[in-house]
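This report takes up two topics in turn, the pairing of charged side chains and the packing of helices against one another.

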Amino acid sequence: MADASPRFLPYGRQVIEDDDIAAVVEALKSDFLTTGPRVEQFEAAFAEKVGAGHAVACSNGTAALHLSLMALDVGPGDVVIAPSITFAATANCARYQGAEVVFADVDPDSGLMTPETLADAIGRVGDRRLKAILPVHLGGHAVDLPALRRLADAEGAVLVEDACHAAGTEMTFGNVAERVGDGRHSSMACFSFHPVKTMTTAEGGMVTTNDPVLARRMTLLRSHGITREPAEFVAPEMSLDPSGAANPWSYEMQALGYNYRLPDLLCALGISQLAKLDRFVATRRALTARYLELLPQLAPMVRAVPTPAYSHSALHLFVVLIDFAALGQTRKQLMDALRAQGIGTQVHYIPVHRQPYYAQRYGEQNLPAADAHYARCLSLPLFAGMEEGDVERVVEALRGVVGQ
């Protein structure tokens with residue numbers, strides 16, 4: 001007898017279609033599996049999509065963040081500010097460079113860094129050198145970039161967007177339509193193409209910038225700090241023959257870089273997925289609209305995370321806030337009950353300042369809004385392969401668990 005149970009709904013997953021598979025197969029049959037022509041094609045297409053001057057592809061979102069701070073020469077003696085509600089990589093990229101992290105608190109409902117929480121964090125930097133600020137577009141919801149940029153400029157710090165959740169997010173500031181990654185308010189924006197994001201390359205990342213010097217530096221650093229361009233050689237006695245022509249085997253390692261390259265094979269998938277990004281985002285927005293129609297029935301016990309008025313989110317995540325104390329059950333109990341009905345959920349995120357590594361390094365920190373957000377947040381299923389009936393099923397199951 002066939003199993004009649006409904007399909008399991010994870011909190012997020014990729015959507016891979018036949019043309020995606022065909023693009024990858026074509027790349028497999030080509031001459032290039034690692035670095036080849038599709039890398040530059042993907043970079044050019046992504047830069048055009050978000051309205052940036054340059055895009056640098058790399059192996060994942062963590063690599064994108066690390067490359068951005070390497071390009072800025074962040075190092076020992078520097079301080080980087082990051083919000084506590086984020087994935088650990090936002091802070092870790094500063095530590096990779098030997099810099100220290102000051103954690104900013106967040107809005108307790110949205111989980112976003114705000115001008116007020118950034119100003120508080122700046123006040124805790126003291127007399128140390130503040131080099132960079134890394135606001136996070138959590139769940140795809142944009143932060144108030146113009147306000148954060150003003151604070152960064154006042155401190156002589158560089159604003160770098162952690163846009164790993166925000167491929168496809170749009171914003172309106174001062175009646176001007178913008179896209180996350182266009183570089184109007186920041187030096188760089190870092191993206192992730194993990195399978196649960198709004199588009200995927202399986203694993204992959206991208207940094208966008210309008211600064212050609214930063215773009216070239218990141219391109220160098222993602223490949224061991226090595227260049228094969230004769231025009232960039234700085235050691236002619238090693239790289240050029242007596243006539244001044246480059247030896248065909250010549251290359252120069254000009255900096256200490258990493259292997260953060262994104263192979264042609266994954267760029268083929270990225271090019272195909274990028275062409276569908278608008279459709280994927282439209283589906284996420286329609287599903288979210290249905291959630292927002294149904295969830296008021298569960299208020300005040302369950303409510304959706306608020307969206308800033310200026311942000312038109314691509315909706316990587318759909319997060320609700322639940323009063324577990326009033327509900328009389330733990331988050332684990334609720335998650336287990338939903339999972340028993342085929343509905344997966346997740347928590348984004350444990351505050352990074354609470355992680356043992358950072359707690360041991362910096363001691364106890366008082367970031368009450370980050371703790372408050374963490375105590376209530378739960379990510380419900382949202383991905384472009386869902387249908388409205390799936391949303392109705394999730395809300396109905398949630399209604400049964402919370403007893404509304």
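## Salt bridges and helix contacts

In this predicted model, Arg279 forms a salt bridge with Glu17, and the closest N and O atoms of the pair are 2.9 Å apart. The two partners belong to distant parts of the chain, since Arg279 sits in helix 10 (residues 277-294) while Glu17 is found in the segment before helix 1, with their positions 262 residues apart. Arg279 is partly exposed, its relative accessible area being 43%, and Glu17 is likewise partly exposed, with a value of 24%.

A second pair joins Lys131 to Asp78, with the closest N and O atoms 3.6 Å apart. Because Lys131 lies in strand 4 (residues 129-133) and Asp78 in strand 2 (residues 78-83), this salt bridge ties together parts that are 53 residues apart in sequence. Is Asp78 buried or exposed? With a relative accessibility of 2%, Asp78 counts as buried, whereas Lys131 is partly exposed at 22%, a value to be read against the cut-off of 20% under which a residue is called buried.

In a third pair, Glu100 forms a salt bridge with Arg361, and here the closest N and O atoms are 2.8 Å apart. This pair, too, links distant parts of the chain, for Glu100 is in strand 3 (residues 100-104) and Arg361 in helix 13 (residues 356-362), 261 residues apart. Glu100 is partly exposed, with a relative accessible area of 21%, and Arg361 is also partly exposed, with 39%.

Salt bridges that share partners also build a network, in which Glu17, Asp19, Asp20, Lys276 and Arg279 are joined. Over the model, the count of salt bridges comes to 27. The three pairs described above are set out below.

| Salt bridge | Closest N and O atoms | Separation in sequence |
|---|---|---|
| Arg279 with Glu17 | 2.9 Å | 262 residues |
| Lys131 with Asp78 | 3.6 Å | 53 residues |
| Glu100 with Arg361 | 2.8 Å | 261 residues |

Turning to helix packing, two packed helices are described by the angle between their axes and the distance between the axes. The axes of helix 1 (residues 18-28) and helix 9 (residues 264-274) come within 8 Å and cross at roughly 150°. Helix 1 and helix 9 are therefore roughly antiparallel to each other, angles over 145 degrees being counted in that class, and helix 1 passes helix 9 in a right-handed crossing. On the side of helix 1, the contact is made by Asp19, Asp20, Ala23, Val24, Ala27 and Leu28, which meet Asp264, Leu265, Ala268, Leu269, Ser272 and Gln273 of helix 9. By class, the residues of this contact divide into seven nonpolar, two polar and three charged. Asp19 and Asp20, which take part in this helix contact, are also members of the salt-bridge network that includes Lys276 and Arg279.

How do the axes of helix 3 and helix 7 cross, and within what distance do they come? The axes of helix 3 (residues 61-71) and helix 7 (residues 212-221) come within 9 Å and cross at roughly 120°, so that the two helices are oblique to each other, and their crossing is right-handed. Leu67, Ser68, Met70 and Ala71 from helix 3 meet Leu214, Arg217, Met218 and Leu221 from helix 7, and this contact comprises six nonpolar residues, one polar residue and one charged residue.

Conventions
Residues are numbered from 1 along each chain as its sequence is written. This is a predicted model: local features need pLDDT of at least 70, side-chain atom pairs count only at pLDDT 80 or more; totals for chains, interfaces and linings use all residues. Side-chain values use heavy atoms; hydrogens and water are left out. Axes are lines fitted to C-alpha atoms, for helices over the stretch in contact, and angles run from 0 to 180 degrees between N-to-C directions. Helices (H or I, at least four residues) and strands (E, at least two) are DSSP runs, numbered from the N terminus. Angles under 35 degrees count as roughly parallel, over 145 as roughly antiparallel, 65 to 115 as roughly perpendicular and the rest as oblique. A crossing is left-handed if the near helix is turned anticlockwise from the far one by less than a right angle, and right-handed if clockwise. Contact means heavy atoms within 4.5 Å. Ala, Val, Leu, Ile, Met, Phe, Trp, Tyr, Cys and Pro count as nonpolar, Asp, Glu, Lys and Arg as charged, and the others, Gly among them, as polar. A salt bridge is a side-chain nitrogen of Lys or Arg within 4 Å of a carboxyl oxygen of Asp or Glu. Buried means under 20% relative accessible area, exposed over 50%, partly exposed in between (1.4 Å probe, protein chains only).
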